[in-house]
Amino acid sequence: MAFPSGQETTTTLASFIPAVWGEKINDFYKYNLNLASFFTDRSAELKAGGSVLYTPNLTEMSANAVSVGTAVTLNNTTETKVTLTVDQWYEVSFGIPDSVAAQFKQSYAVQERYAKDAGYTIAVKLEVALATLFSGFSNVVGASTTNLADSEIRAAIALLESAGVPTYNGETAFFMHPNVFWKQVQNIDKFSLAINSPVNDPTAKRPDAMLYGIPVFVSQNIQYVASTTGRNNALANKDALHWAASSLGGGGSMSGSMVGANGIRVQSHYIPEYLTTVTTADILYGVVENRDNAGVLIRTAN
C-alpha cells in the first residue's frame with residue numbers, strides 16, 4: 001500500500017524548527033608574531049621615563065708601526081650614536097552598550113574575545129614596523145624578479161661573517177615570507193630532499209626550518225619591495241634592529257587594565273553617561289636600525 005500523501009514537511013513545521021547559534025566562534029586566523037621577540041627590546045631602559053634612547057657607536061681603532069725613539073700615534077676617532085625615538089602611538093578600540101551586552105549570548109564572551117583580537121592587531125603594528133626596516137640594510141642579495149637561490153643564501157651568510165657578525169647560537173636568523181620559504185627554498189633539492197638532508201622528508205613531515213644551521217622564521221608580515229612586487233626578506237642578527245615600548249601604565253581612572261607582551265596595554269572603561277563599556281588596546285613604541293652591517297636584505301620574487 002502506498003504511503004499516504006500529505007505528510008508534514010520542514011515547510012509546514014517551520015515554526016517548530018529552531019535556528020541555533022552554536023557554541024563555536026570562527027575567529028580570524030592570526031599570523032605568527034616572531035620579530036619583536038627576536039630583535040633587541042630596549043623597553044626596560046625607558047621605565048623611568050624618556051622618549052629618546054641613545055646608543056653610542058664605537059669605531060675600531062687602527063694599529064700603527066712603532067719606531068724606536070719616536071712617539072706613539074694617537075687614535076682620535078669621531079664617534080657617532082644611534083637614536084631610538086619612541087613616538088608611534090596606535091590604538092584599537094570598541095564599545096559595547098549595556099543593552100547589547102545584556103542580550104548577546106553570554107557563552108560567546110564577546111568582550112574578552114574582542115579584547116584579545118584588539119591586542120593582536122596592535123602587536124602586528126610593531127611586527128610590520130620592524131619588518132619594514134629590512135629594506136634599509138645596505139647589504140643586499142637577490143632580486144625582486146627572481147626566486148631565491150642557494151648561492152644567494154650562502155652569499156648572505158658570507159656577508160655577515162665577513163663583517164664579524166655572529167651567525168651561531170641563535171643570535172642570527174632568516175626572516176622569510178611563506179611564499180619564499182615554501183615555494184622557493186623548499187623547491188631547492190639541497191634543502192628538501194631526504195637524500196641530501198636526512199632531517200627533512202618532504203613527503204612525511206614538515207621540513208626543519210634551518211638553513212646551514214641558522215633558524216628560519218616564516219612571517220606573513222614580510223613586506224613587499226614595491227606595491228605587489230617582490231619581498232624584502234632578511235638575514236639579520238638580533239642586534240641589527242632595536243625597539244622599545246614606553247610603559248603606558250594603568251590609565252589612571254580606568255576600571256581595569258593590563259599590560260602584556262611587548263608593552264601592549266589593554267584596558268576597559270565604563271562610561272556611565274553613555275551606558276557603554278569602551279575597551280582599548282594600545283602601544284607607544286619606536287623602532288630603529290641599530291647596526292647596518294648586522295643585517296642582509298634578501299630580495300626575492302613574491
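Is aspartate 150 buried or exposed? At 12% relative accessibility, aspartate 150 counts as buried, where buried means under 20% relative accessible area, exposed means over 50%, and partly exposed is anything in between (1.4 Å probe, protein chains only). Before going further, keep in mind that this is a predicted model, where local features need pLDDT of at least 70 and side-chain atom pairs count only at pLDDT 80 or more, while totals for chains, interfaces and linings use all residues. Residues are numbered from 1 along each chain as its sequence is written, and side-chain values use heavy atoms, with hydrogens and water left out.

Let's start with the overall picture. The protein chain has six helices and 15 strands; helices (H or I, at least four residues) and strands (E, at least two) are DSSP runs, numbered from the N terminus. With a radius of gyration of 27 Å, well over the 19 Å that the globule rule gives for 302 residues, the protein chain is more spread out than a compact globule. That radius is taken over C-alpha atoms, and the globule rule is 2.2 Å times the number of residues to the power 0.38. Put a box around the C-alpha atoms, along the principal axes, and you get roughly 120 × 60 × 35 Å. Of the 302 residues, 35% are buried.

For a feel of the distances, take tyrosine 274, in the loop between β13 and β14 (276-289). Tyrosine 274 is exposed, at 63% relative accessibility. From its C-alpha to that of alanine 71 is 80 Å in space, and the two are 203 residues apart in sequence.

Now for the charges. Side chains of opposite charge can pair when their charged atoms come close. The structure holds nine salt bridges, a salt bridge being a side-chain nitrogen of Lys or Arg within 4 Å of a carboxyl oxygen of Asp or Glu. Back to aspartate 150: its side chain meets that of lysine 190 in one of these, at 2.7 Å, N to O. This pair links distant parts of the chain, with lysine 190 in helix α6 (residues 189-192) and aspartate 150 in helix α4 (residues 150-162), 40 residues apart. Unlike its buried partner, lysine 190 is partly exposed, with a relative accessible area of 38%. Elsewhere, salt bridges that share partners join Asp27, Lys30 and Asp117 into one network.

Another salt bridge runs between lysine 105 and glutamate 23, with the closest N and O atoms 2.8 Å apart. Here too distant parts of the chain are linked: lysine 105 sits in the loop between α2 (98-101) and α3 (110-132), glutamate 23 in the segment before α1, and their positions lie 82 residues apart in the numbering. Lysine 105 is partly exposed at 30%, and glutamate 23 is exposed at 53% relative accessibility.

Helix α3 has a more local pair. Glutamate 112 and lysine 116 form a salt bridge with their closest N and O atoms 3.4 Å apart. Because they are four residues apart in helix α3, about one helical turn separates them. Glutamate 112 is partly exposed, with a relative accessible area of 47%, while lysine 116 is exposed at 59%.

On to the strands. Two strands pair if DSSP finds at least two bridges between them. Strand β8 (residues 214-218) pairs with strand β6 (residues 172-176) in the parallel sense, over three bridges, and valine 216 in β8 is the bridge partner of phenylalanine 174. Strand β8 also pairs with strand β7 (residues 210-211), this time in the antiparallel sense and over two bridges. Leucine 211 stands opposite isoleucine 214 in β8. The hairpin of β7 and β8 has two residues between the strands, and tyrosine 212 there takes a positive phi near 55 degrees.

Further along, strand β13 (residues 265-271) contains serine 268, which is buried at 18% relative accessibility. The side chain of serine 268 makes a polar contact with the side chain of threonine 279, at 2.8 Å. A polar contact is a pair of N or O atoms within 3.5 Å; within protein, one must be able to donate a hydrogen and the other to accept it, and residues adjacent in sequence count only if both atoms are side-chain atoms.
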